[in-house]
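Grab a coffee and work through these exercises with the model open beside you. Each one sets a task and then walks through a solution.

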Amino acid sequence: MPVVTLKNEASPFSVPQELLEGKRRLTEKEIQILKAQDNSNSDETWQNIFVPSEEGEFDATLIKKCEIRGWLVTGSLKKAEIKFHDLVLDCGLYNSYLENVYIEDNVAIRNVAYLSNYHIGSQSILFNIQEMSCTNHSKFGNGLIKEGEPESNRVWIGVGNENDMRSVLPFESMITADAWIWSRYREDKKLQQRLVELTESGQSKKLDTFGIVEHDAVIKNTILLKDIKVGAHAYIKGALKLKNITVLSSQDEPSQIGEGVEMVNGIMGYGSKVFYQAVAVRFVIGRNCQLKYGARLLNSVLGDNSTVSCCEMLNNLVFPFHEQHHNSSFLIASTLGGQSNVASGATIGSNHNSRSPDGEMLAGRGFWPGLCSDFKHNSRFACFTLVSKGSYQNELNIKYPFSLVASNGDSKCITIIPAYWFLYNMYAITRNKSKFQKRDKRAVKVQHIETDPLAPDSIQEVVEAITRIIELTGQYLVTKGWEQAVKAETKEELYQIAKDYLHQHPEAEFSLCDMECQKKYGAEIHKPVRAYKTYRKIIKYFACSVLLEYCQKFNTKITRDQLKVIAKEIPLYTEWVNAGGQIIPAAKIKELIEKIKGKIINNWQQVHDYYDYCEENYLFYKVNYAVYLLEKLYSKKIRDFEDSIFDDIISDVTAVSLEMLDEARSSRQKDYVDGFRKITFRNEEEMAAVLGKIDDNEFLAEMKPKTEAFNEALHSLFNV
């Protein structure tokens, strides 16, 4: 209930001394002008108002019909207009309640019914606001506690799991890599405590906080702003409730909050937009994101360059370039590796298999569930998994990257086509990298993002998928009575027999059974021989593209001496992780964790510097991995490769490169020649006007010369 305190005299006031530099109190003439313009003051002496000392910098006629309590400090206040879009206002303070407010130069404040405990930056506009206040213990959405506050006051974000056991503390500079490390290594109690310490490093616990509106910000027609920090050039209009949040914004990356929005307890990233009745509670929104059309983001961290609309997201950690546009879809208790797209009606995380809501889902980059798909937790998906429309009633563990998964109904095995993207939709997968690079509008790129589908995270899954196909082929050959397989005495011998069979029978048609892909009923693996061949081509292509990148960067060729240098001076990493969108060797993540625990790294900026170091050395890490992959494919050290093997590699990769170009065009060509694509058009001319022509496709036009240049460089790659 409200508490009423009767006051018989003006309250004492205490202005922070740093705000009074270059300031003076009002003259008697200025006091009379303020009184004459229907202003009132809790201090009858009017000595609680401080204005610029420099002559001509304060015009008392620009304060009208205001109620002043506590203290007021102003910057330059002169007759001028301030304009933002179609809104034009006179600079000054009009028809507003002002309590303990510091105002910088050339500000327009009009019709603010309650403004308390705020610093307002130069050239800002506050127009038609019901309440804008800040408590002295505000944290602006950061996961801090102030002196005297209990631990229960700390705001956590329950990502990845509904029982909050993967919770992270939000902070202004948080990126998805930070949230990923914090949420995954839960068994390491010392690390978890150190991450709290990193978050509190350099943060004041004093109860002396002011709200902040930085320069050139505009806030209008808004009901409630409480404990909010607004960055420069931010634009807020028509919001319902903004409480305990930071809105990061700059001239290069202005942020915007629009009509009907409610945001509580969180951080909004630079250049992001939240509008049209969207709701966010306990959140971190990355750079260049959009949350709109009634979307609900709760207990989640959303990565850079993501768009979410018309849907609900609860307890999620989502890496950059996530798309979720459609009504009735929602995502619960998931960690997604980014570059994902959730279709309409997908109900991910709505069902549990225990009495506690502790189930979760983990998906690599490029997760794409079809219309009206639903899944049972716990489930896991390899990189670039395309899931066909269906209700998946059992837990899934999809180990095959670039695959298509299809349901065959209840109580039946699922169907998986490994390497589906490369077999049937080359245009989409080859366009992936350039598509996302063009969509990246961040002016400052703190979170490093790997957009190439062929990167160490996906390639290591390709290697594992090849191994799995060989193992299952061995089992298949035994069940079919293949003589050599039946006679095999060891697993290793059977493995080699199966591998030889896949090489020697490239046209063989059969299916495999993988019971590890779906609980109870397993999966039927279609076209395993084609997938095996395609996966091997992918590895060769990746390895050669990395070696080419290395040679072009250092103006060298792959000689035997150069191979010795690579093997000797560059560490070999064969296990990789997707750290918030950046691909980093697992060993380097372990090294980072030890540095945090050992207090060598003591704040989040130093953590980000470590990510930068890993990114700077990413090519070196990849090049030794590329050599390792070629050695694994040919079962011998590269120094022992005969010339025929190098010729084979160049021939295969050239063929793959040309095939990518041809198949990319072919898969796109279907949209122009398919009869059913034409049925809504009166004629070819109308179709061309609506869809354009394939020869006008920008990506395909760029891909052809790039392919030619790649193949030309490829033929001079090895000089051994």
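**Exercise 1.** Which residues does Glu323 touch, not counting residues up to four places away in sequence?

*Solution.* Start with the list: Glu323 touches Asn305, Thr307, Ser340, Asn341, Val342 and Arg439, where contact means heavy atoms within 4.5 Å. Before going on, a word on the ground rules: this is a predicted model, so local features need pLDDT of at least 70 and side-chain atom pairs count only at pLDDT 80 or more, while totals for chains, interfaces and linings use all residues. Residues are numbered from 1 along each chain as its sequence is written, and side-chain values use heavy atoms, with hydrogens and water left out.

Next, place the residue: Glu323 sits in strand β25 (residues 323–324). Helices (H or I, at least four residues) and strands (E, at least two) are DSSP runs, numbered from the N terminus. Then check its cover: Glu323 has a relative accessible area of 12%, so it is buried. The cut-offs are under 20% for buried and over 50% for exposed, with partly exposed in between (1.4 Å probe, protein chains only).

Finally, look at the side chain, where Glu323 and His325 share a polar contact of 2.6 Å. That term stands for a pair of N or O atoms within 3.5 Å; within protein, one must be able to donate a hydrogen and the other to accept it, and residues adjacent in sequence count only if both atoms are side-chain atoms.

**Exercise 2.** Is Arg166 buried or exposed, and which side chain does its own side chain meet in a polar contact?

*Solution.* First find it: Arg166 is in the loop between β12 (125–133) and α2 (176–184). Its relative accessibility is 15%, so Arg166 counts as buried. Its side chain makes a polar contact with that of Glu360, at 2.7 Å. Now widen the view, skipping neighbours within four places in sequence: Arg166 is in contact with Glu360 again, and with others including Ile157, Asn161 and Arg186.

**Exercise 3.** Work out how strand β18 is enclosed and which strands it pairs with.

*Solution.* Count the cover first: 6 of the 7 residues of β18 (residues 262–268) are buried, so the strand is largely enclosed by the rest of the structure. Then take the pairing, which needs at least two DSSP bridges between two strands. Strand β16 (residues 241–247) runs parallel to β18, with 6 bridges, and Val247 has Met268 as its bridge partner in β18. Strand β20 (residues 279–285) also pairs with β18 in the parallel sense, over 6 bridges; here Met263 is matched with Ala280 in β20.

**Exercise 4.** How many residues lie between β39 and β40 in their hairpin, and which residues cover the two sides of β40?

*Solution.* The hairpin has 2 residues between its strands, and Gly580 in the turn has a positive phi of about 70°. Strand β39 (residues 576–579) and β40 are antiparallel and joined by 4 bridges, with Trp576 opposite Pro585. For the faces, recall that side chains in a regular strand alternate between the two faces of the sheet. In β40 (residues 582–585), Gln582 and Ile584 are on one side, Ile583 and Pro585 are on the other, and all are buried.

**Exercise 5.** What share of the chain's 720 residues counts as buried?

*Solution.* That's 56%. To round off the picture, the chain has 17 helices and 40 strands, and its C-alpha atoms fill a box of roughly 105 × 70 × 60 Å, taken along the principal axes.
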